[in-house]
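The following exercises concern the architecture of a single protein chain. Please examine the sequence and the model before reading each worked solution.

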Amino acid sequence: MDILTLEKAVRMYKQDPLAELLGVTQGAVQQASGKNRNIFIVQDDDGYTAFEIKPAFRTNPNINDISQLISSGLQPEEA
């Protein structure tokens with residue numbers, strides 16, 4: 001399993017191929033990228049999926065710290 005930020009996935013795959021892998025339009029990827037959203041791309045045996053981290057209820061967690069924690073803690077292990 002590999003987890004990438006949307007920003008990193010766009011740099012690796014470019015918008016059109018990434019959109020095709022996710023089953024969305026290139027415009028959807030472009031909009032999400034332009035709004036600096038906390039979206040992660042997951043690649044596993046079933047293909048590619050995405051999830052977003054955002055506040056719930058009326059709370060104000062530090063989303064950037066949470067995103068960095070996920071990015072650093074879920075990277076593939078080195079062989």
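The model is predicted, so that local features need pLDDT of at least 70, side-chain atom pairs count only at pLDDT 80 or more, and totals for chains, interfaces and linings use all residues. Residues are numbered from 1 along each chain as its sequence is written, and side-chain values use heavy atoms, with hydrogens and water left out.

**Exercise 1. Determine which residues of α1 are exposed and which are buried, and what covers the latter.**

Step 1. Helices (H or I, at least four residues) and strands (E, at least two) are DSSP runs, numbered from the N terminus. Buried means under 20% relative accessible area, exposed over 50%, and partly exposed in between, with a 1.4 Å probe and protein chains only.

Step 2. E7 and R11 of α1 are exposed. Within α1, which covers residues 6–13, the buried positions include L6, A9 and V10. Viewed down the helix axis, the buried residues of α1 fall within an arc of 100° (taken from the directions from the axis to the C-beta atoms), so they line one face of the helix. E7 and R11 are on the other side.

Step 3. The cover over the buried residues of α1 includes β1 (2–5), α2 (15–22), α3 (26–34) and β2 (39–44). Just after α1, K14 adopts a positive phi of about 75°.

**Exercise 2. Describe how α2 packs against α3.**

Step 1. Axes are lines fitted to C-alpha atoms, for helices over the stretch in contact, and angles run from 0 to 180 degrees between N-to-C directions. The angle between α2 and α3 is about 110°, and their axes lie 8 Å apart.

Step 2. Angles under 35 degrees count as roughly parallel, over 145 as roughly antiparallel, 65 to 115 as roughly perpendicular and the rest as oblique. α2 is therefore roughly perpendicular to α3.

Step 3. Contact means heavy atoms within 4.5 Å. On the α2 side, Q15, D16, L18 and A19 take part, and on the α3 side Q26, V29 and Q30. By class, these residues divide into 3 nonpolar, 3 polar and 1 charged.

**Exercise 3. Identify the largest nonpolar core and the elements that supply it.**

Step 1. A nonpolar core is a set of buried Ala, Val, Leu, Ile, Met, Phe, Trp, Tyr and Cys residues joined through side-chain atoms within 4.5 Å.

Step 2. The largest such core has 10 residues, namely L4, L6, A9, V10, L18, A19, V29, A32, I39 and I41. Two or more residues each come from α1, α2, α3 and β2. The largest share, 3 residues, belongs to α1.

Step 3. Apart from this core lies another, of 6 residues, among them I3, V42, I63 and I70.

**Exercise 4. Characterise the loop residues N38 and I53.**

Step 1. N38 is located in the loop between α3 and β2, and I53 in the loop between β3 (47–52) and α4 (63–73).

Step 2. N38 has a relative accessible area of 18% and is therefore buried. I53, at 16% relative accessibility, also counts as buried.

Step 3. Not counting residues up to four places away in sequence, N38 touches F51, E52, I53, I63, N64 and S67. With neighbours within four places likewise left aside, I53 is in contact with N38, F40, I63, I66, S67 and I70.

Conventions
Ala, Val, Leu, Ile, Met, Phe, Trp, Tyr, Cys and Pro count as nonpolar, Asp, Glu, Lys and Arg as charged, and the others, Gly among them, as polar.
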